[in-house]
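Trainee: I have a model open on my screen and would like to learn how its labels are earned. Could we go through them one by one?

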Amino acid sequence: MPSEWPAEPWDLHGRGWLTLWTAPRSAVPLPPPDVVPLSLFGRVLVVSAFVDYQPPGVLAYHEVMAAVLVRRKARPGLSILDILVDDSTSQQGARALWGIPKLLAGFTFSTEPHLDATAHDDGGVIAAATETRRSSRALPVRLTTSVWQTLHGRTHRTALHTSARISLTRLRWRITPDGELGWLKAARPRLHLAVSTLHMRFGSP
């Protein structure tokens, strides 16, 4: 019987808009118990992003997420704390394969000439971001890292391989305090990046 979602690894293509934040440790939800949040001057490092996944990736959908930068022993990585998507296959597959706690939400998503994106549910807006300025210079990057989640009661590592082009940008985030990403209201944005020609390979063969 075929699976209800693609087998790993998932090859995903698209573009994204990312912000690096610093937040008080007390404001950040707990990652898995045996990974340690990374900090800068006593504040935890957090990344949030709106992503537009497109063909020819195995799935096409929209996403908004917030993750904390962590390490397990000497190995750095991410732990995804909150993530919303508009595709049930992505939601169910990520939960089953890797313990990523995806929830479903609706999205409005415009990228021309700049990003204007909103994630919402029946209660209204959860999070929104608007791009206000972008550098014309883009640099190629490659990154291999780990994503640490709780799966079947244990800490589970998923490999993440990424290639893209990045440029400096400016994002204005709007976060609903009692929404899924409400804890980001306590964080301070430090760096904004626009990510183009994004290729992600998530998971192992």
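Mentor: Happily. Let's begin with a definition: Ala, Val, Leu, Ile, Met, Phe, Trp, Tyr, Cys and Pro count as nonpolar, Asp, Glu, Lys and Arg as charged, and the others, Gly among them, as polar. Keep in mind, too, that this is a predicted model.

Trainee: How do the residues lining the largest pocket divide into nonpolar, polar and charged?

Mentor: The lining has 32 nonpolar, four polar and three charged residues. The pocket is lined by 39 residues, and Leu-18, Val-47, Leu-78, Leu-143 and Leu-160 lie nearest its centre. Leu and Val are both on the nonpolar list.

Trainee: What is the volume of the largest pocket, and which elements give two or more residues to its lining?

Mentor: The volume is about 910 Å³. The elements giving two or more lining residues are β1 (10–23), β4 (43–54), β5 (61–72), β6 (75–85), β11 (139–151), β12 (154–175) and β13 (188–202).

Trainee: Now the cores. What makes a set of residues a nonpolar core?

Mentor: Its members must be buried residues from a nonpolar set, joined through side-chain atoms within 4.5 Å. The largest nonpolar core has 31 residues, of which Val-28, Val-46, Phe-50, Val-64, Trp-173, Leu-181 and Leu-184 touch the most other members. Two or more residues come from each of β1, β4, β5, β6, β9 (116–121), β10 (124–134) and β12. The most come from β5, which gives four residues.

Trainee: Which residues does Trp-173 touch?

Mentor: Leaving out residues up to four places away in sequence, Trp-173 touches Thr-19, Trp-21, Ser-48, Ala-49, Phe-50, Val-64, Ala-128 and Ala-129. Apart from the largest core lies another core, of 25 residues, including Leu-78, Leu-97, Trp-98 and Met-200.

Trainee: Why is Lys-102 called buried?

Mentor: Its relative accessibility is 4%, and buried means under 20%. Lys-102 therefore counts as buried. Lys-102 sits in strand β7 (residues 102–104). Beyond four places in sequence, Lys-102 touches Trp-10, Tyr-61, Glu-63, Ile-83, Val-85, Ser-90, Gln-91, Ala-94 and Arg-95.

Trainee: And how do you know that Glu-4 is exposed?

Mentor: Exposed means over 50%, and the relative accessible area of Glu-4 is 57%, so Glu-4 is exposed. You will find Glu-4 in the segment before β1. Setting aside residues up to four places away, Glu-4 touches Thr-89 and Gln-92.

Trainee: What makes Val-58 partly exposed?

Mentor: Partly exposed covers the range between the under-20% and over-50% classes. At a relative accessible area of 40%, Val-58 is therefore partly exposed. Val-58 belongs to the loop between β4 and β5. Apart from neighbours within four places, Val-58 is in contact with Pro-6, Trp-10, Asp-11 and Leu-12. The C-alpha atoms of Val-58 and Asp-11 are 6.0 Å apart, with 47 residues of separation along the chain.

Trainee: How do you know that β8 and β9 are paired?

Mentor: A pair needs at least two bridges. Five bridges join β8 (residues 106–110) to β9, and the two strands run antiparallel. Together β8 and β9 form a hairpin with five residues between them. As a landmark, Thr-108 stands opposite Thr-118 in β9.

Trainee: Let's turn to the backbone. What do most residues and peptide bonds look like?

Mentor: Most residues other than glycine have a negative phi, and most peptide bonds are trans. Against that, Phe-41 has a positive phi of about 55° and is not a glycine. Lys-73, also not a glycine, has a positive phi of about 60°.

Trainee: Where do Phe-41 and Lys-73 lie, and are they buried or exposed?

Mentor: Phe-41 is in the loop between β3 (39–40) and β4, while Lys-73 is in the loop between β5 and β6. Exposed means over 50%. Phe-41 has 82% relative accessibility, so Phe-41 counts as exposed. Lys-73 has 74%, so Lys-73 counts as exposed.

Trainee: Which peptide bonds are cis?

Mentor: One of them runs from Glu-8 to Pro-9, with omega near 5°. Pro-9 lies in the segment before β1. A cis peptide bond also joins Pro-55 and Pro-56, with omega about 10°. Pro-56 is placed in the loop between β4 and β5.

Definitions and conventions:
Residues numbered from 1 in each chain as written. Predicted model: local features only at pLDDT ≥ 70, side-chain atom pairs only at ≥ 80, totals over all residues. Heavy atoms only, no water. 1 Å grid on protein atoms, 1.4 Å probe; cavity = no way out; pocket = protein on both sides within 12 Å on 5 of 7 lines; lining within 4 Å. Points joined across faces, edges and corners; volume = space filled by probe spheres on them. Buried < 20%, exposed > 50% of the residue type's maximum accessible area, 1.4 Å probe, protein only. Contact = heavy atoms within 4.5 Å.
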